[in-house]
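Hi everyone, thanks for coming. I'd like to walk you through one structure today, so please pull it up on your screens.

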Amino acid sequence: TAEVRNLTSSTEVFIHIFCILAGTGILQLPYALKEGGWAGIFYIVLVAFISTYCGNIVVKCLYCTPGMRLKSYSQIVEVAFGRSGRQVVRLLKDFNLLGVFGVYIVLAGININSLLAGTALDQLGVQFWIIASSMMVWAVIVLAREVHDVFLLSIFGTLTMVATVVIIVWLGLVDLDYQEVRPPTKIVDLKLAPISMASICFSFGGNLNWPDLEASMKSPKQWSKTLSLATAFTAFIYICIAAVGYGVYGDLVKSPIMLSLPPGVPVVVANAMMTAHVLLASPILLTSVFSEAERDLDFHSAALSPRRQWVYRAVFRSIVMLTLTLVAVFVSDFSKGVSILGAVAESMVIFVIPIVCYIKLFRDKRVFTRMEYMWCGFIVSIGLMCLLYDLSVSTYSPDGRVFQVEYAQKAVDNSGTAIGLRVKNGVVLAVEKIKHSRLLVPNSNKRIMTAGTHIGIASAGWMSDTRHLVKRAREEARHYNSTYKTPVPAKIIAERMGMYVQAYTLYSAVRPFGVSTLLATMDADGPQLYMIEPSGQYMGYHGCAAGKGKQ
């Protein structure tokens, strides 16, 4: 197999590393300090050191066999855990990098569309700009073979990121002069420290690309020094933007930091620079995926002519990118799903798997001290913390979301439709009854029930959860009637049910209800219609719908 190696200088690799590390995660670092306090500066330094250590041991594992060098991250896992281990890690690795590209083009499409708002191009829409962003990356990725071929993009990507940081820091310091009262800050918040640490960890992912970068160096012995310097420079940039953002806006800072900055031309320029950066960084990320896949498919075989190699490579890359683009354009909640699953994949392949492979491959070749085992165990615990921080219903994600509640809402969105319509003399409830089997007994899967003589409930979501909530509503109605000797008003029953549902979003020992309930009543105030969502939010409506047909 013919390979391109030893073409890249240490300076080029330095720029590649910075361009890969300093992604869009930089914009949420001030918010990470809001969660963890000023101790977040220490977290950035600590994670930078961990990232450097993991990057170095990944490359060290490439040389675990004397006299030869493994070609990829996946081969490291294969030597350590066999072919099945390689397949699992290859899936995580490719999903992470390809998913990041998908999120990047969606982000670029949204940003370009917003930047062009009010112009003649405003009518083209987000989907058009997602496709256009993908086409721009495709034009580069088809021509480039190895990481060395996209060095010019890394230079521009680095310049755009540095320019973005300079603009944000400058705007923050200028805004500081206009503040009459300094927003509050804190030294440390131990309760939210894991979330702050997880946010910062996701800003230092890059191990998946390091084997290809090290392979391309003219002097591979300079890898450790180059990685250390690039990571240190990235940490310095992170500290600058995090310290200024949190120092100026304190606990009022938003994520991304752009939302806290005073609006104007500089913010528009910073958004344009960030959009350019994600497009310029995408070919670097994709090159790693394609290079390994093409080696496995033997596209670089010496038996193939250069022209045929290029044709095979162009067709393969075009098919993959077309598929990704179509998914990004037409799959709803694509970015949300990739972000959630990508967090799981990244925490494993960046922090956990390198440590496990390193110990497995070298424990018979050298003696690990107790301190080394403790350090490796600490890194693995950090990786697992990043993996699990969003799986608890009682924990917010870095951008202020509770994923378990969103998953419950997804269960509702995938169910049959429920509709409520308030009219002059009552409330009409209707549901879509999906017949799963011809053997189903009629009326055995009711989705419209009563909780009292004046209360009707329709649902969309899990029927088992519906029955539980209907039982609870009946108890609330009966208790109110026995206490006050009058039927429970609509607002009271909706409030009590909303509080009950919301309580199941506060504790890690329970899960949210996977159901939205439409509560219809007829009381002294006339017909009333409320909808209670899995988050516990309840609102009154003239008409509402839940389920897959709610649009």
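Let's start with helix α11, residues 306-330, which supplies five residues to the nonpolar patch, the largest share of it. Keep in mind that what you see is a predicted model. The patch sits on the surface and is formed by Leu143, Trp310, Val311, Tyr312, Val315 and Ile319. Together they have about 560 Å² of accessible area.

Pick out valine 311, which is in helix α11. Is valine 311 buried or exposed? Neither, really: valine 311 counts as partly exposed, because its relative accessible area is 34%, and that class lies between the 20% limit for buried and the 50% limit for exposed.

Okay, on to aromatic rings. How many aromatic pairs are there? The count comes to 19 aromatic pairs. Let me show you one of them, phenylalanine 18 with phenylalanine 233. Their ring centres are 5.1 Å apart and their planes sit at 50°, so this pair is called tilted. Tilted covers the angles that are neither under 30 degrees, which would be stacked, nor over 60, which would be edge-to-face.

Now, where do those two rings come from in the chain? Phenylalanine 18 belongs to helix α1, residues 10-21, while phenylalanine 233 belongs to helix α9, residues 223-249. They are 215 residues apart, so the pair links distant parts of the chain. Their surroundings are worth a look too. Phenylalanine 18 is buried, with a relative accessible area of 1%, whereas phenylalanine 233 is partly exposed at 31%.

While we're on rings, there's also an aromatic cluster to find, made of Phe49, Tyr53, Trp375 and Phe378.

Next, a bit of strand. Strand β3, residues 448-452, pairs with strand β4, residues 455-461. The pairing is antiparallel and runs over four bridges. For a concrete example, find methionine 449 and look across to its bridge partner in β4, isoleucine 457. Between β3 and β4 there's a hairpin, and two residues make the connection.

Last topic: cysteines. A disulfide, as a reminder, is a covalent bond between the sulfur atoms of two cysteines. How many disulfides does a search of the whole structure find? Zero. You can still compare a couple of cysteines by eye. Cysteine 544 is buried, with a relative accessible area of 8%, and cysteine 240 is partly exposed, with 25%.

That's my tour, so let's open it up for discussion.

Definitions and conventions: Residues numbered from 1 in each chain as written. Predicted model: local features only at pLDDT ≥ 70, side-chain atom pairs only at ≥ 80, totals over all residues. Heavy atoms only, no water. Patch = residues over 30% accessible without salt bridge, like charges linked within 9 Å, V, L, I, M, F, W, Y side chains within 5 Å. Areas by Shrake-Rupley, 256 points an atom, 1.4 Å probe, with all protein chains shown as cover. Salt bridge = Lys/Arg side-chain N within 4 Å of Asp/Glu carboxyl O. Buried < 20%, exposed > 50% of the residue type's maximum accessible area, 1.4 Å probe, protein only. Disulfide = S-S within 2.5 Å. Pairing = 2+ DSSP bridges. Phe/Tyr/Trp six-rings, centres within 6.5 Å; stacked < 30°, edge-to-face > 60°.
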